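Please look over the structure shown here before reading on. The paragraphs that follow lead through it one part at a time.

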Amino acid sequence: MRFEVAERLRTERNLRGMTLRTLAGRAGVSIATASATEAGETVSLETYARIATALGLRPEFVLVDPKRRHDRPRPAEDPVHAAMGDAEAAHVRRPGCQVALDEPYQHYQFAGRADLVAWDLEQRALMHLENRTRFPNLQEAFGSYNAKRAYLPGVLAQRLGLRGGWRSVTHAMVVLWSSEVLHVVRLREASFRAVCPDPPDAFAAWWAGEPRESGIASTLVIFDPLEGLRATRRRFVGLDDVRSIRPRYAGYADAAHAVA
């Protein structure tokens, strides 16, 4: 619940062109508290109410009988996540290169699905992309990504009969170019650098149709699922640019509307 509330508050603040400092002042809370609330951290109901009121919103809370959870509507398909995968698959697919979306794999008792994998058997090159439109739970996101980094290349090499394994492996956490995602990345930049320490060069090489000949890379890519309005507009940037770039989308809802 708190992540949904955090997303709504952050989106409403951005739509109003309000800074965190201004919001905190109007709500009567510290800037640190306002920032923690937007990051999805646990705060008091009073804090939620203060910030919502400062944004001109009316806070409402719904109590649900846990015995009737099956009556809840299932979440709809994530259209932005689908658009990211479609854009990536369309761009990297070429003669000699195979692309798979939502690829299942299993390593002993561990099973999962990879958002996108692309491989070139002749070059013995593999790319794995983990697409993220939001970060409701950063620890889970890192855990999922790290498990695929550890197990996916070996499982795919064995499945494809590639003796000797891959010469080149590129792992990339590809995140939506939105205000809410940039906020999380900036707030936890050290954590993202620990998990994705490499520049986006290996991803850029795949994007250009020329995978690197050797080496293993793990990188963060900030991605726009829609084609740029101008030929010079960049489709993606790396972690080193996160402090200087402006968001392309105010939040998830804005991106969903754009790709619809």
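Two strands are taken to pair when DSSP finds at least two bridges between them. With that in mind, Leu129 has Ala172 of strand 4 as its bridge partner. The model in which this pair is found is a predicted one.

In overall terms, the protein contains 10 helices and 6 strands. It has 260 residues, of which 47% count as buried. Taking contacts between residues at least 6 apart in sequence, 67% join residues at least 24 apart.

The sheet is a good place to start. It is an open sheet of 6 strands in the order 1-2-3-4-5-6, and its pairing is mixed. Strand 1 (98-107) and strand 6 (236-238) stand at the edges; each has a single partner strand, so one side of each has no neighbour in the sheet. From one strand to the next, the twist averages 35°.

Within this order, consider strand 2 and strand 3. Strand 2 (residues 110-120) pairs with strand 3 in the antiparallel sense over 5 bridges. One residue of strand 2 can be followed across: Ala118 has Met127 in strand 3 as its bridge partner. The two strands form a hairpin, with 4 residues between them. In the turn, Arg124 has a positive phi of about 55°.

On to strand 4, where the direction of pairing is parallel: 8 bridges join strand 3 to strand 4. The pair named at the start, Leu129 with Ala172 in strand 4, belongs to this part of the sheet. Strand 4 (residues 168-176) also pairs with strand 5 (residues 215-223), again in the parallel sense, over 9 bridges. Here Ala172 has Thr219 in strand 5 as its bridge partner. Ala172 therefore has a bridge partner in strand 3, Leu129, and another in strand 5, Thr219.How much of strand 3 is buried? Strand 3 (residues 125-132) is mostly covered, with 8 of its 8 residues buried. Ala125, Met127, Leu129 and Asn131 point one way from strand 3, while Leu126, His128, Glu130 and Arg132 point the other way, and all are buried.

Helix 7 can be read alongside the sheet. Of the 9 residues of helix 7, 7 are buried, so this helix is largely enclosed by the rest of the structure. The buried residues are Ser179, Glu180, Val181, Leu182, His183, Val184 and Val185.

One residue of this helix can serve as an example. Val181 lies in helix 7 (residues 179-187). Is Val181 buried or exposed? Its relative accessibility is 1%, and since the cut-off for buried is under 20%, Val181 counts as buried. Leaving aside residues up to four places away in sequence, Val181 touches Thr133, Arg134, Phe135, Val175 and Leu176. Val181 and Tyr252 are 71 residues apart in sequence, and their C-alpha atoms are 8.8 Å apart in space.

Gly161 gives a contrasting case. Gly161 is placed in the loop between helix 6 (138-159) and strand 4. With a relative accessible area of 55%, Gly161 is exposed. From C-alpha to C-alpha, Gly161 and Leu121 are 9.8 Å apart, and in sequence they are 40 residues apart.

The remaining part concerns how some helices meet. Two packed helices are described by the angle between their axes and by the distance between the axes. The axes of helix 2 and helix 3 (residues 31-38) come within 8 Å and cross at roughly 105°. Helix 2 and helix 3 are therefore roughly perpendicular to each other. In this contact, Leu20, Arg21, Leu23 and Ala24 of helix 2 meet Ile31, Ala34, Ser35 and Glu38 of helix 3. By class, the residues of the contact are 5 nonpolar, 1 polar and 2 charged.

Helix 2 (residues 20-27) also meets helix 4 (residues 45-54): their axes come within 8 Å and cross at roughly 110°. That crossing makes helix 2 roughly perpendicular to helix 4. Helix 2 passes helix 4 in a right-handed crossing. Leu23, Arg26 and Ala27 of helix 2 make the contact with Arg50, Ile51 and Ala54 of helix 4. The residues of this contact divide into 4 nonpolar, no polar and 2 charged. Leu23 takes part in the contact with helix 3 and in the contact with helix 4.

Methods: Residues numbered from 1 in each chain as written. Predicted model: local features only at pLDDT ≥ 70, side-chain atom pairs only at ≥ 80, totals over all residues. Heavy atoms only, no water. Axes fitted to C-alpha atoms, helices over the stretch in contact; angles between N-to-C directions. Parallel < 35°, antiparallel > 145°, perpendicular 65-115°, else oblique. Left-handed = near helix turned anticlockwise from the far one by under 90°. Contact = heavy atoms within 4.5 Å. Nonpolar A, V, L, I, M, F, W, Y, C, P; charged D, E, K, R; others polar. Buried < 20%, exposed > 50% of the residue type's maximum accessible area, 1.4 Å probe, protein only.
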